[in-house]
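Q: Could you take me through the ligand site of this model in detail? I would like to know what surrounds the ligand and which contacts are made there, with a little context from the rest of the chain.

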Amino acid sequence: MQDNLIPRTESAYDYPLLIKNLLTAPAVNNPNQTIVYRDLQRFTYAEFKQRVCRLANALTAVGVKAGDTVAVMDWDTHRYLECFYAVPMLGAVLHTVNIRLSPEQILYTIDHAEDDFILVNEEFLPLLEQIKGRIDTVKGYVLLQDDQNQPKTSLPVVGEYETLLSQAADTFAFPDFNENTRATTFYTTGTTGMPKGVYFSHRQLVLHTLAGMAALGSTARQGRLHQEDVYMPITPMFHVHAWGVPYIATALGIKQVYPGKYLPELLLRLIDTEKVTFSHCVPTILHLLMSHPLFKEIDLSNWKVLIGGAALPKTMCRAARDRGIDIYSGYGMSETCPVLTLANVADDDLNDDEELDIRCKTGRPIPLVDLRIVDEQMQDVPADGQSVGEIIVRTPWLTQGYLKDQRNSETLWRGGYLHTGDVANRDANNYIKITDRIKDVIKIGGEWISSLEVEDFLAARPEVAEAAVIGLPDPKWGEKPLALVVKKDSAEISEKELLHYIRGFVDKGLISKQIVLLKIEFVDGIEKTSVGKTDKKLLREKYQQG
Ligand code: AMP
């Protein structure tokens, strides 16, 4: 094989896949395109590029150098986008801090990532004050704020972001370096134990961007992301780089809108006034928007929404589609950068119900994704739409391990594939459908029950606002299912009626009869994780004790 290595002319340029190169085309093709921050700021791409250079100069002046780790604690802002570029382009690592974690967990991630500097929104200063004195590695803080007030803090602030930028030059010669240099890091709480750090290189982020562009841009019937779109993320930028779409949108040179802190009314107004056409979010956020009075008033017929992070319930999909929204699913996880699959409709001959089913599936692998569904011996299960197994994957953009955690890294990558812990089936057209996470599957008397399926049945009831199903240890059955149900305002339904309703699905053969062991508990609310998903880990712990 050595013989076929391409010959290199000595003076030929060996082009590295670096994040800086994502900016090359949009900066010259779309210099007047806009990047909007709430109803507060508006920049052109030409200004954006200058600001990235100013930020690089400013960070260098305060002492940031290649190899350092620079953390950001901010809402979804134009500043965050500038950090997505300037920090890795300096050869430093961008740590996107999950600001919804508890102060103790945030402290753990700052220390574990060995952050050198933190760019912090003034709103999070009180949080940092709580853990001050226990943060060992940080040399200085840069203040992020929308106005020019001077918040009181005892933290060693080295400057305010806009002031530092205004004092810095607007050009910077970003160096070339090895494309396998680490560009980003962040922490996932999707597994048991303390948060685990995942990390991605320049090469990985560039390849993820290109594959994402290809997948989103080539879908023919719906859900396309193209140059005339207006993009607004509604997935936090700390959550897997807002699913990597800010890199895609910038590389495409399209108009972008950053909404700051998620306030339903503001989000809906921005969609309306800035003519947003492409967003992505978890179902919980869409539910929040759909419950707001403004949702019924504005024109949403040009809005495409990619749902991920959790399964898209069919009832939500139908309701959104009935408002004219082009809604569909995607799938990935923190460990996978994240995008692995998209559920685009690829067939004209589907009836309404079949089309909704496709949109709610987990999707088909995007380019370069080698996705298998396997049994415990890592043998592929049949693609019959029924047989389930664990999703395992290979793509060029998967975290190569958990930061400083050899044991869990080996478990994640056992057998040379990344193990997702998600249980799914695959149909003859290669659409996969997640039926559960491995630890969320409930095993009753040796038979698996999908907690997601039971939740879907419960959520379809008009009296039910929300439902979560968990398995609790049981000496006789191994596990017994418990459904936590939040009733809609003033709705009336008893446990007996709901159990009778669920048993109806057993009679129809839609669910295993073990579900007759289901117990129902009515609750006021269901605990969520920091990214808005049902916190099954916490619920299991809570109700196990109860
Ligand atoms: P996180 O690392 O927090 O992004 O969580 C990733 C996990 O969310 C995956 O392993 C899945 O369990 C779940 N998930 C993501 N997308 C979907 C989807 N479309 N359908 C069902 N579950 C999903």
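A: Happy to; the answer below starts at the ligand and then turns to other parts of the chain.

Please keep in mind that this is a predicted model. The shell around the ligand has 13 residues, and those that come nearest are Gly330, Ser334, Asp422, Arg437 and Lys533. By character, the shell residues divide into five nonpolar, five polar and three charged. Two strands each supply at least two residues of this shell, namely β14 (326-332) and β20 (432-437). Of the elements that contribute, β14 gives the most, with three residues.

Now for the polar contacts. On the nitrogen side, a ligand nitrogen atom is 2.8 Å from a polar backbone atom of Gly330. A polar backbone atom of Ala311 is 3.3 Å from a nitrogen atom of the ligand. An oxygen atom of the ligand, in turn, has a polar side-chain atom of Lys533 at 2.8 Å. As for cover, the ligand has 500 Å² of accessible area on its own, and the protein covers 90% of that.

A word on the wider chain may help you place this. The domain assignment gives domain 1 as 19-26 + 41-199 and domain 2 as 442-544. Taken over C-alpha atoms, the centres of domain 1 and domain 2 are separated by 41 Å.

Another part to look at is helix α3, which spans residues 78-89. From its first C-alpha to its last, this helix of twelve residues reaches 17 Å, close to the 16 Å expected at 1.5 Å a residue. Helix α3 is mostly covered, with twelve of its twelve residues buried; among them are Arg79, Glu82, Phe84 and Met89. At the N-terminal end, Thr77 acts as a cap for α3, with a side-chain oxygen 3.2 Å from the backbone nitrogen of Arg79. Just after the helix, Gly91 takes a positive phi of about 90 degrees.

Further along comes Asn98, in the loop between β4 (93-96) and α4 (103-113). Asn98 counts as buried because its relative accessibility is 9%, and the cut-off for buried is under 20%. The C-alpha atom of Asn98 is 8.8 Å from that of Pro236, although their positions lie 138 residues apart along the chain as a separation in sequence.

To return to your request, the contacts to keep on screen are those of the ligand with the backbone of Gly330, the backbone of Ala311 and the side chain of Lys533.

Conventions
Residues are numbered from 1 along each chain as its sequence is written. This is a predicted model: local features need pLDDT of at least 70, side-chain atom pairs count only at pLDDT 80 or more; totals for chains, interfaces and linings use all residues. Side-chain values use heavy atoms; hydrogens and water are left out. Helices (H or I, at least four residues) and strands (E, at least two) are DSSP runs, numbered from the N terminus. The expected span of a helix is 1.5 Å times one less than its number of residues. Buried means under 20% relative accessible area, exposed over 50%, partly exposed in between (1.4 Å probe, protein chains only). A polar contact is a pair of N or O atoms within 3.5 Å; within protein, one must be able to donate a hydrogen and the other to accept it, and residues adjacent in sequence count only if both atoms are side-chain atoms. A residue is near a molecule or strand if one of its heavy atoms lies within 4 Å of it. Accessible areas come from the Shrake-Rupley method with a 1.4 Å probe; for residues, only the protein chains shown count as cover. Ala, Val, Leu, Ile, Met, Phe, Trp, Tyr, Cys and Pro count as nonpolar, Asp, Glu, Lys and Arg as charged, and the others, Gly among them, as polar. Domain bounds come from an automatic or database domain assignment.
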